[in-house]
Amino acid sequence: MKHNILLKTNILVCLVVFLGFLATAVLSYQMNYSASVKNIEQVSELTSEGIYYQMTMLFTKPVNISLTMANDSLLRSALIEESANLNNPKYEAVLTEYLKTYHDQTNYDSVFLVSSASQRYYNYDGLDRILTPENPEDDWYYTMAESDQEYAMNVDNDEVKAKNNEITVFVNCKITDDQGQLLGIVGVGLQIDSLQALIQSYEEQYQVQAFLINNAGDIEISSHHTGYEKVNLFSLYPYPDEVQDAVLNWQGGDASSPFWVADPQDSQGRDYVISRSIPQLQWHLFVRQDTGKLLKSLQRQLWLSAFIIVLIILFILYIITRVIRSFNQQIIELTQSVEQEKRSTFEKATEELFDNIYELDITHNCPADAETQKYFESLGAPAGTPYDQALQVVAEKQIKAEFRQGYVDTFTPVNVIRAYENGQDTLTYEFMISTGGDYFWMRITARIIQQEKDQSLHMLTYRQNIDAEKRQEKRLQALAQIDEMTHLLTKSATRRHIEQKLQACPNQQFAFFIFDIDTFKEANDRYGHVFGDSVIEDFAAVLCSQFRQDDIIGRIGGDEFAVFIPITGSADVEDKAKALSKALNKTHTALGCTWMMSASIGIALAPQDGCDFETLYQSADAALYQTKKRGKNSYSFHKAS
């Protein structure tokens, strides 16, 4: 009888233990899987942002440099005169010196020029070769020549002598005449190995795959492929057509388009993919992470857990009391281990990217851990202060006034709950903050999660110092509208400023001046481009000295400048034109050379000669033509026909 009772007791205990361990193993599997999936999404998003901003900053300058060369009137004039100088070594030397100057200034791997009239390919070492339609290596040029794009990126081998066919990313810009006819293509190139290394570093650190692809889905840059190989992303990963369309047609600015999709290489797996559009490059960023390895790892853990359960049950049959006590202890340790593993995995993925991490219990309106409570207390919020009130304390103590209300509105519990109910699990806010010294830029990224044990809503906030990023962004915006040589406005920036002034002051009178340096080509040909650059810099300095700080002054061509000023009458403009002609008529000395500098000036008045930039430009240009026709070193007003 005792043996039957003991047997039944052992069987019952073993059954209870077996079912308990089985349930624990399954629950652990589900919790680990859920935590790992969330980690995949967060790490993939952060990786996508990092690569996106790195590529944007890397290519902004080469695009601007190529566009500057393409709009250089000196280069246009040289291409127009090419047919008369095909056998002139001095002509080739002028182009070579021009390209060498940009190469020395930028240190790019390639600086080149192709003439559409002769198909000659020049670089900073001279004439390299002549392109032909029959040579497939030259297809990039003829494709660009027939397209409607002002500039384009392409990945190809560099055929220039001594470059060993190194794979290079080229920025190609069209050069056109005043009628829009193609004169040639100019640009710069960066060797691709450094870009591949950058992408590979992200892949190795975050265990993802990243690709830069064009609008056809062809891989332009990845850690293992380049555009030269003509490999299509969707031939490597044959996703359904709707997924391909979603990736290639996403135009969300700097926002990302993340989603889960079935793994085309594993019927049981899923991929988490993120697509971003990079308009500056005319490419798309595609980041992929699959769950195949994750599932296999978790399944191994599940089988291992089952094996351990069997051993434990056999051990329980031997000494029932000890096994039960040991079992209870293991349950406690396993539960703590799962929770700790979940938190440590998540924090490890973010600790290198963010300055501070705090956790809030939104449902109960309070800090979720001691570290967060200590942070609020350090700013003067007494222990036990509700989170929404502590949020106000942080805003008052640290955040610059104009950002306080936005900060509070973004992270107040009501808004967090509303965002989560609308399917939004991330909140972001950028603002200026002070921790005792000067204000600096900070970005808070908040992840909203629901706790499985009590269904309460928690928010993890990651504080990231983005002051350097903001300064770089501001500097790039300034560079985009400032000519590097003269520090005056570029042509596009000049146009934009003038149009804004005309729209803001429709009843104001203005004078529009166009300046052209007389016989500038002669100075370049006789003394070289370095001397020519010094002439342009001197001319710009004299021009700035003749106007007020608020006047609009821009360089709109190689040796062509424009000024736009408010006036009270045409008599003032006449006096100003005389003073300008006198000031710009001077001897320029540099590099041991002396040259007599002067300017031809064309003047148009608003509103009588035009009420928009284009009309005023044409009117002033016509007046400039009359000045040159009379013998230069003078000025002319536009006369209506």
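## Salt bridges and buried sites in a predicted model

Tyr 202 counts as buried, at 14% relative accessibility. In this predicted model, Tyr 202 belongs to helix 5, which spans residues 193–206. Leaving aside residues up to four places away in sequence, Tyr 202 touches Thr 47, Gly 50, Ile 51, Gln 54, Gln 207 and Val 208.

A second buried site is Asp 609, which has no salt bridge; Lys 639, the nearest side chain of opposite charge, is 12 Å away. Asp 609 sits in the loop between strand 22 (599–606) and helix 19 (613–630). Its side chain makes a polar contact of 3.3 Å with the side chain of His 638. With residues up to four places away in sequence not counted, the residues that Asp 609 touches are Ala 604, Thr 615, Leu 616, Ser 619 and His 638.

Helix 2 (residues 73–80) is largely enclosed by the rest of the structure, because 6 of its 8 residues are buried. These are Ser 73, Leu 74, Leu 75, Arg 76, Ala 78 and Leu 79. The N-terminal end of helix 2 is capped by Asp 72, a side-chain oxygen of which lies 2.9 Å from the backbone nitrogen of Leu 74.

The whole structure contains 17 salt bridges, among them the following.

| Acidic residue | Basic residue | Closest N to O distance |
|---|---|---|
| Glu 430 | Arg 443 | 2.9 Å |
| Asp 525 | Lys 521 | 2.7 Å |
| Asp 538 | Lys 586 | 3.1 Å |

The salt bridge between Asp 538 and Lys 586 ties together parts that are 48 residues apart in sequence, since Asp 538 lies in helix 17 (residues 529–545) and Lys 586 in strand 20 (residues 586–590). Asp 538 is buried, with a relative accessible area of 16%, whereas Lys 586 is partly exposed at 26%.

Asp 525 and Lys 521 are 4 residues apart in helix 16 (residues 520–527), and therefore separated by about one helical turn. Both residues are partly exposed, Asp 525 with a relative accessible area of 43% and Lys 521 with one of 35%.

Glu 430 is partly exposed, at 27% relative accessible area, while its partner Arg 443 is buried, at 7%. Glu 430 and Arg 443 also belong to a network of salt bridges that includes Glu 469 and Lys 470.

On the surface, Leu 304, Phe 307, Ile 308, Val 310, Leu 311 and Leu 314 form a nonpolar patch, with about 560 Å² of accessible area together. Leu 314 is located in helix 8 (residues 292–318).

Terms used:
Residues numbered from 1 in each chain as written. Predicted model: local features only at pLDDT ≥ 70, side-chain atom pairs only at ≥ 80, totals over all residues. Heavy atoms only, no water. Patch = residues over 30% accessible without salt bridge, like charges linked within 9 Å, V, L, I, M, F, W, Y side chains within 5 Å. Areas by Shrake-Rupley, 256 points an atom, 1.4 Å probe, with all protein chains shown as cover. Salt bridge = Lys/Arg side-chain N within 4 Å of Asp/Glu carboxyl O. Helix = DSSP H or I, 4+ residues; strand = E, 2+ residues; numbered from the N terminus. Buried < 20%, exposed > 50% of the residue type's maximum accessible area, 1.4 Å probe, protein only. Lys, Arg positive; Asp, Glu negative; His and termini not counted. Polar contact = N/O pair within 3.5 Å; in protein donor to acceptor, adjacent residues only side chain to side chain. Contact = heavy atoms within 4.5 Å.
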